[in-house]
Amino acid sequence: MRAERAYITGLYARLDGEREQARARYRSALGETGIALVERDADVRIRAREAVRLNVADNGLCFGRLDALSGEISYIGRLGLFDGENDYEPLLLDWRAPAARPFYVATAATPENMRRRRQFHALGRTVVDFTDEVLGRPQAGERGDAALLAAVNAPRGEGMRDIVATIQAEQDEIIRLGHAGVLVVEGGPGTGKTAVALHRVAYLLYTQRERMSRSGVLVVGPSPLFLDHIGRVLPALGESDVVFMTPGDLVPGLCVRGEDEPDVARLKGSLKILDVLKAAVADRQQVPAEPVPVELTDVTVELDAGIADEARLEARRSGLPHNEARAVFREHVVAIVAERAVAKIGEGWLTEEDGGAWAELRADVLEELAEHEELDATLSALWPDLTPETLLAPLYMSPRRLRAAGGDPALFRADGGAWTVSDVPLLDELADLLGRDESAARAAARRHWEEEAEYSAGVLDLVKLDREEMDEDVMLAAEHLLYAEDLAERFVERDTRDLAERAAADRDWTYGHVVVDEAQELSEMDWRVLMRRCPSRSFTIVGDLAQRRSVAGATAWGPVLAPYVADRWAYRRLTVNYRTPAEIMAVAGALLAEFAPDVRPPESVRACGTRPWSKRVADGELRTAIDEFERAEAEREGTSVVIGPADVPGAVPPSAAKGLEFDAVLVVEPARILAGGARGAAELYVALTRATQRLGVLHRDPLPAALSGLAEAGVVRAGHRRFL
Ligand SMILES: Nc1ncnc2c1ncn2[C@@H]1O[C@H](COP(=O)(O)OP(=O)(O)OP(=O)(O)O)[C@@H](O)[C@H]1O
C-alpha cells in the first residue's frame, strides 16, 4: 500500500507539473503579439483545451494496475502521463490506449497474458484501499467485482458519472469495436447502453482525433433533462467536440418540445409523408386561372395558363429544388412573353429580312421585362420563393391544400406554425426539396456586411475622439486609408466559434460520428435527418425495442437502417443490468413477460436485500402518501422521483424519466399508466426500471396482475426493511 501510494502521489506531482506548464502556455498564448488575431485565437483555444484535458483528472487519476506474465507493470488511468526525464516512458496509460484493454477484458479464464489486475479505491488524491484479482487461475465467478459493486451501489447524485474504472468486458468490446459504419447496441434497462455509447465517443475521439475533432460528434437523446443527465460524462473524460441535441433541436433555430397525438405522429413519421411533401411543393407551382396582362410600353401581351404550364414543365424537368428552379420558370415565361410581345410589335412593319431590327426590338423588350414589377409579382404568386416554414404551416392550415397534396385530413391544425417534434424532420426534408432561398441568404450576407461596416465606422469614430492626442498628419492618413468598409473586410475573418457551436448552428454540418440514444423512439423521418447529418454513416445507435414509447418508433432495426446501409450494420447486445437490483427487476420482468414475451430481461448484477412494495390508498390519501414518500427520501442520501400519469400533482410522466435513474422511485397509479395509450405497458416498464435502490407503488385502482410480486406496504417481513 505504501508503495502504491508513493507511486500515485508521484503521478499527481507529474500531473501538477504538466498543468502548470499548460497554464503557462495558455497565459503566454493569451498575451501573444505580433501574430494575426486568428492565429492567436486558434493558439489560445489549443492551449485552453490542453489545460481542460489536464483538469479532468483530480478524482481517480489512476484507478488500476496490470501486471503482465512477462513482469511488465502498467498503471491505468483517465489520461496518459509520460516520464519526461526517462525517454518518455509511460507512467500512466490512458484507459483508451490499446495496451489498457486487458485491464477491462482479462478474466480468470482468459487472462490475456496478464497475471494480476489491481483496482484502487481513492478518496480525493489518496489511495485508501485496493482489490486484487489473480488472473489465469479459473475461479468461481468471472471477476472479483468489489469496485463494480461499490460503483453501482453508490447513491446517485447530479447527473451520470463516467465508468472508466469499472467498464465490463462485454461493454469494453463495444467501446473499442473497430467497425466504422453503423453499430446497433441493444440491451434492457440499466445495461449501460448510454454509458457505453458515451465512452465509445471518447474512445473514437482518442483513436481518430484528427478526423473527429475536425467534424465533431453529435449525440442525440430523448429530452433536455436526459442531455443534462449525461452532459457531464464526456467533459469528465476531457472531451468537448461534442454536440448534444434532442430530435426537436435538429434543425438549427428550432427548439421544439411539443408532441402530436399518436396517430398524427405516426403519419408524420412514416416515409409516406415524403410524397405529401413533394406534392405540396408541386401544388405551390401554379398556372394562372385567368390570363394575366403584361403591359409593356408598346404593347400588352397575356401570360396565360399555356405559357405558365410550358415554363413549369421546363422548370420541373431541370430537377432543381423549388427555389432554384424558380429561375428556370422565370426565364421560360420571360422568353415566351418576350417572343409574343416582339411578334406583336413588329407585326406589319418588320419583315423576315429585318434581322437586326428584330434583335434590337427583342433586346428592348427583354430589358423592359427584366425590370417589370407587375410581372415579378405575378411570377412570385405562381412560383413563390418558399421556406420550409412558409410551405408547411399553410399546408396544415388548409384542408384544400392538404387534399391537393394527398395528405391525411388528420394533419390539419388551426395554428400551422405550432411546431411539434414530428414536424422537425419534415421541415428539414423541405429545406432540401425547396433548396436555398437565395434572396434570404443574400439579405443575411448584406446585414452582416452592414453590421461590420457600422462597427468599423464606430472604431474610426473612437480613433477620431483621440485625435487631440495624435499627430494630425497620422490621423488624417489613417482616416483616408481606412474606409469603414475596408475595415469591415478585414474583420470578416475565419469563424472563431467552438466547433460545437458552429456545428449546432449549421444545417449543412456533417459530423464524424453520431450517437443516437433511446433510438427505438425515432421515426423513419427522424432517421433521414440523422443520415443527412452524417454521410459517412458512422453511427452508434443504442436502444431497447421493448422500451419503445412512440407509435412512430422502430419495431425492428433492419427495416429502419436498410434504406441507408442495406444489411451492412453490426449488432451487439448487453445483458447485465447495472442499475436495477434483482428484486425490482423481477417485478419489471413479470410485466415484460406479459407485453413482450420474446424479450429476455437483463440480469441484475446485484440484489439489494429489499423487496419493492405497493400500497393501496383511498381517494383522498394519495397526496398524503406521496408527501410521506418525499419526506422519507429527503432524509436519505441520493435522488428520488415520483412517476405517474400527467394529472397527478408532483408526478412526472414516464416519458420524462426516460434514460434517467434515481435511488428511489415511487410509481403512482400503474393501472392508469398501463391503460394510457398504445404503448402504456412499455411506459410502465420504463417507470419501474428507473430505481437503483428502492421502488414503491401507490395505487387507488387494483394493481395490474403483473405487479403482484410487490410486497404490500406495512407488512414487515423478516430480512426486509419496512417502507413508509
Ligand atoms: N461498468 C459499469 N460500471 C459501473 N457502473 C455502470 C457500468 N455500466 C453501467 N453502469 C451504471 O449503470 C447505470 C445504467 O446505465 P445506463 O443509463 O447507461 O443504462 P441504459 O442501458 O442506457 O439504461 P436505459 O435503457 O434504462 O436508459 C448507470 O448508473 C451507469 O453508470
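Here are three short exercises on this predicted model, each with a worked solution.

**Exercise 1.** Work out which residues come nearest to the ligand and which helices help form the shell.

*Solution.* Start with the shell itself: 25 residues sit around the ligand, and Pro-189, Gly-192, Lys-193, Thr-194 and Tyr-578 come nearest. Next, look for elements that give two or more residues to this shell; these are helix H4 (146-153) and helix H6 (193-207). Finally, sort the shell by residue type, and you get 9 nonpolar, 11 polar and 5 charged.

**Exercise 2.** Find the buried residues of helix H11 and explain why they lie on the same side of H11.

*Solution.* Go along residues 273-283 and pick out the buried ones: Ile-273, Val-276, Leu-277, Ala-280 and Val-281. Now look at how they are spread around the axis: they cover an arc of only 135°, so they end up on the same side of H11. Then check what covers them; the list includes helix H10 (262-269), helix H13 (322-346) and helix H23 (524-533).

**Exercise 3.** Describe the largest nonpolar core and say which of its members touch the most others.

*Solution.* This core holds 143 residues, and Val-201, Tyr-685 and Leu-688 touch the most other members. As for where the residues come from, H6 gives the most, with 9. Zoom in on Leu-688: leaving out residues up to four places away in sequence, its contacts are Ile-584, Val-587, Ala-588, Leu-591, Val-667 and Leu-695. Don't mix this core up with a second, separate one of 23 residues, which includes Val-292, Val-333, Ala-338 and Ile-345.

Note on methods: Residues are numbered from 1 along each chain as its sequence is written. This is a predicted model: local features need pLDDT of at least 70, side-chain atom pairs count only at pLDDT 80 or more; totals for chains, interfaces and linings use all residues. A residue is near a molecule or strand if its C-beta atom, placed from the backbone, lies within 6 Å of it. Helices (H or I, at least four residues) and strands (E, at least two) are DSSP runs, numbered from the N terminus. Ala, Val, Leu, Ile, Met, Phe, Trp, Tyr, Cys and Pro count as nonpolar, Asp, Glu, Lys and Arg as charged, and the others, Gly among them, as polar. A residue is buried if 20 or more other C-beta atoms lie within 10 Å of its own, exposed if 12 or fewer, and partly exposed in between; C-beta atoms are placed from the backbone. The arc is that of the directions from the helix axis to the C-beta atoms. Two residues are in contact if their C-beta atoms, placed from the backbone, lie within 7 Å. A nonpolar core is a set of buried Ala, Val, Leu, Ile, Met, Phe, Trp, Tyr and Cys residues joined through C-beta atoms within 7 Å.
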